[in-house]
Amino acid sequence: MPNKQPIDTLIHARWIIPVVPEQRLYEHCSIAINDGKIAALLPRSEACHRFAAANEHSLGDQLVIPGLINTHNHAAMSLLRGFADDHPLMTWLEDHIWPAEQQWVGPEMIADGTRLAMAEMIRSGTTTFSDQYFFPEASAAAARDAGMRAQIAFPVLDFANAWSRNGDDALEKGLALRDDYRSHPRIGLAFAPHAPYTVGDETLKKIAIYASELQMPVQMHLHETAGEVERALAETGERPTQRLHRLGLLSPEMLCVHMTAVDDSDIKLLQTTGAHIAHCPRSNLKLASGFSPVASLLDAGVNVAIGTDGAASNNGLDMLLETNTAALLAKAVSGNAAALPAHQALAMATINGAKALGIDHITGSLEVGKAADLCAIDLSALEQQPLHDPLSQLIYTANGHHVRNVWVAGRQLLDERRLTTLNEAELQQRAGVWRDRIAGLGS
C-alpha cells in the first residue's frame, strides 16, 4: 500500500453541505485540510485510506457547512446591548446611541466590545464579519488576534465624531490603516460612508474615485427607512440610489445595507450596476424600519446577503437566527410560501456574503483550494427529531447554540463549544465593567 499523504487536519462528518455546487448534501464524508485550505472533500473510507492527518476529528451527528458570513455589524456595540430598546431608528440614534457613543467610544471600548462580539459570533458559527464602527484600528487588531476573517469598514462622516474630525480626516486615517493590513491574509479594509444624510456629495465623489482606483469595497446604510427616502426626495429631488449612481458609487464594489424602502427603479439600478445588499431583518423589525423585498431582489438577479447589524439594535449576532428570520420574512412579504427556500437562505448566509465582500474566491463555500472556513452544527438534539432533511433542520430549527466547532483558515476557534483564542471569563468581567460605566456606576 502506498504511503499516506500527510496533511494538517481531517474532519469526518455525518453530513456536509458545500453550498457550491448548489443543493448538494454529502453523507459520511470527510474534509481534508492542509496549509489552511481545503485539500479534498471525499468519502470517509477513501479519506482514511489516502491521508495521514496530524489532527483528526470525528464529529458524530454534526452537519458541516461553510462558515457563516455576517456582512454588516457594529461589533463593539455589543456593549450597548439592551441599552436603548423599543425606539424608532432616528429617536434611537439621536437621543440614545449617539450621546452614549460621544461619551464612551474610544479604543478601549472598541477592543473590549469587538472581542465580546467575536466570541458570540464564533460560538454561533460565524467565521467572517464586516465591521463598521469607530476606531477601526482597534477592531482590526482584535480580529487579527482572535483568528477571525474580517472586513473592517472604516466610518466616514462629514462632521466631527469620536474618531475623525471630518470626511477628509476619516479618509486619511482609513487609507493609512489599509496600508497596514494590505498583505494580511484575513483582514481587509473597506470605505464606510455612514449614510446619505451624514455624508455630502464631495466626500462621496472622493470615495468613488478611491474605490475605483484601489479596487476597495464600499458599504453604506441606504434606504433604511421610508422616511429617509422621502426626506431625500424633498430636499434633492433624487432617491438616494439615484444620487449614489450619479456620483459613481453604485458598482460591484458597493454593499447597500438595509434597503427596506425599495421601488422598481431602485431594483433596476441595483441590477444594472451589480451592487450588493446586506439584509438585516431582525434589526429592521426591531426598529420598525420596514421590509426589504428580498424575493423580488433575488428574482431580479441582485446579490442579497445577510447581516445582523449591531447587538444594540438586534439584540444578538446569531447568523442562524438571522437566516431563519430572513427566510420566514421573505415568505410573508412576498405572500409566497415558496419564496427563499432553505438552500437559497443558506447561500445568502455564506457564498452570497462572500460575493458581497469581494472574497468569494477565498471563502463562502467548501471547495478545494478555498480557505478552510467552516462550522459544524449538532443535529442530534431531541428538539430536532425526527430528522428528515438536515438542511431544513439547519434553517428552520437550529440556532447558534447548536454550533459545536468552528475553523477559520484551518485553525480551530471553537472546540466543542470551547473558545480557543478568546478568554470567556475575561470577556464576562470586561462586559460587567462596561455595564457599570455606562450605567454611571463605575469610573
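**Group meeting talk: a first walk through the model**

Let me start at one residue. Setting aside neighbours within four places in sequence, alanine 53 touches Ile7, Asp8, Thr9 and Leu10. Contact here means heavy atoms within 4.5 Å. Alanine 53 sits in strand S4, residues 51-58. Its C-alpha is 4.9 Å from that of isoleucine 7, although the two are 46 residues apart in sequence. Alanine 53 is partly exposed, with a relative accessible area of 23%. On that scale, buried means under 20% relative accessible area, exposed means over 50%, and partly exposed lies in between, with a 1.4 Å probe and protein chains only.

A word on the source. This is a predicted model, where local features need pLDDT of at least 70 and side-chain atom pairs count only at pLDDT 80 or more, while totals for chains, interfaces and linings use all residues. Residues are numbered from 1 along each chain as its sequence is written, and side-chain values use heavy atoms, with hydrogens and water left out.

Now the whole chain. How many helices and strands does the protein chain have? There are 16 helices and 17 strands. These are DSSP runs, numbered from the N terminus: helices are H or I with at least four residues, strands are E with at least two.

Next, the overall dimensions. The C-alpha atoms fill a box of roughly 75 × 50 × 45 Å along the principal axes. The radius of gyration is 21 Å, which agrees with the value near 22 Å for a compact globule of 443 residues. That radius is taken over C-alpha atoms, and the globule rule is 2.2 Å times the number of residues to the power 0.38. Of the 443 residues, 59% count as buried. The accessible surface comes to about 17200 Å², and 50% of it belongs to carbon and sulfur atoms. Areas come from the Shrake-Rupley method with a 1.4 Å probe; for residues, only the protein chains shown count as cover. Take the contacts between residues at least 6 apart in sequence: 70% of them join residues at least 24 apart.

On to the annotations. An unreviewed UniProt entry gives residues 63-412 as "domain: Amidohydrolase-related". UniProt positions follow the numbering used here, feature names are shortened, and annotations may be inferred rather than shown by experiment. Over residues 63-412 the chain is 43% helix and 18% strand. The end C-alpha atoms of that stretch are 16 Å apart.

The unreviewed UniProt entry also places a "binding site" at Glu101, His194, Glu224 and Asp309. Let's look at two of these positions.

Histidine 194 is in the loop between strand S9 (187-193) and helix H6 (201-214). Is histidine 194 buried or exposed? It is buried, at 14% relative accessible area. Beyond its neighbours within four places in sequence, histidine 194 has contacts that include Trp98, Gln132, Met220 and His221.

Glutamate 224 is in a loop too, between strand S10 (218-222) and helix H7 (226-236). Glutamate 224 counts as buried, with 5% relative accessibility. Again leaving out neighbours within four places in sequence, glutamate 224 meets Leu89, His258, Thr260 and Ser289.

Now charges. The structure holds 24 salt bridges. A salt bridge is a side-chain nitrogen of Lys or Arg within 4 Å of a carboxyl oxygen of Asp or Glu.

Which residue forms a salt bridge with arginine 149? The partner is aspartate 373, at 2.7 Å from N to O. Arginine 149 lies in strand S8 (residues 149-156), and aspartate 373 lies in the loop between helix H14 (351-357) and strand S14 (374-378), so the pair ties together parts that are 224 residues apart in sequence. Both partners are buried: arginine 149 at 5%, aspartate 373 at 1%.

A second pair is aspartate 112 and arginine 115, whose closest N and O atoms are 3.0 Å apart. They are three residues apart in helix H3 (residues 107-123), so about one helical turn separates them. Aspartate 112 is buried at 9%, whereas arginine 115 is partly exposed at 27%.

A third pair is arginine 178 and aspartate 179, with closest N and O atoms 3.7 Å apart. Arginine 178 is buried at 17%; aspartate 179 is partly exposed at 43%. Elsewhere, salt bridges with shared partners link Glu108, Asp112, Arg115, Arg430 and Arg437 into one network.

Last stop, the surface. Leu285, Phe291 and Val333 make a nonpolar patch of about 260 Å². Patch residues have over 30% relative accessible area and no salt bridge; like charges are joined within 9 Å, and nonpolar side chains (Val, Leu, Ile, Met, Phe, Trp, Tyr) within 5 Å. Valine 333 is in helix H12, residues 319-334. Valine 333 is partly exposed, at 38%.
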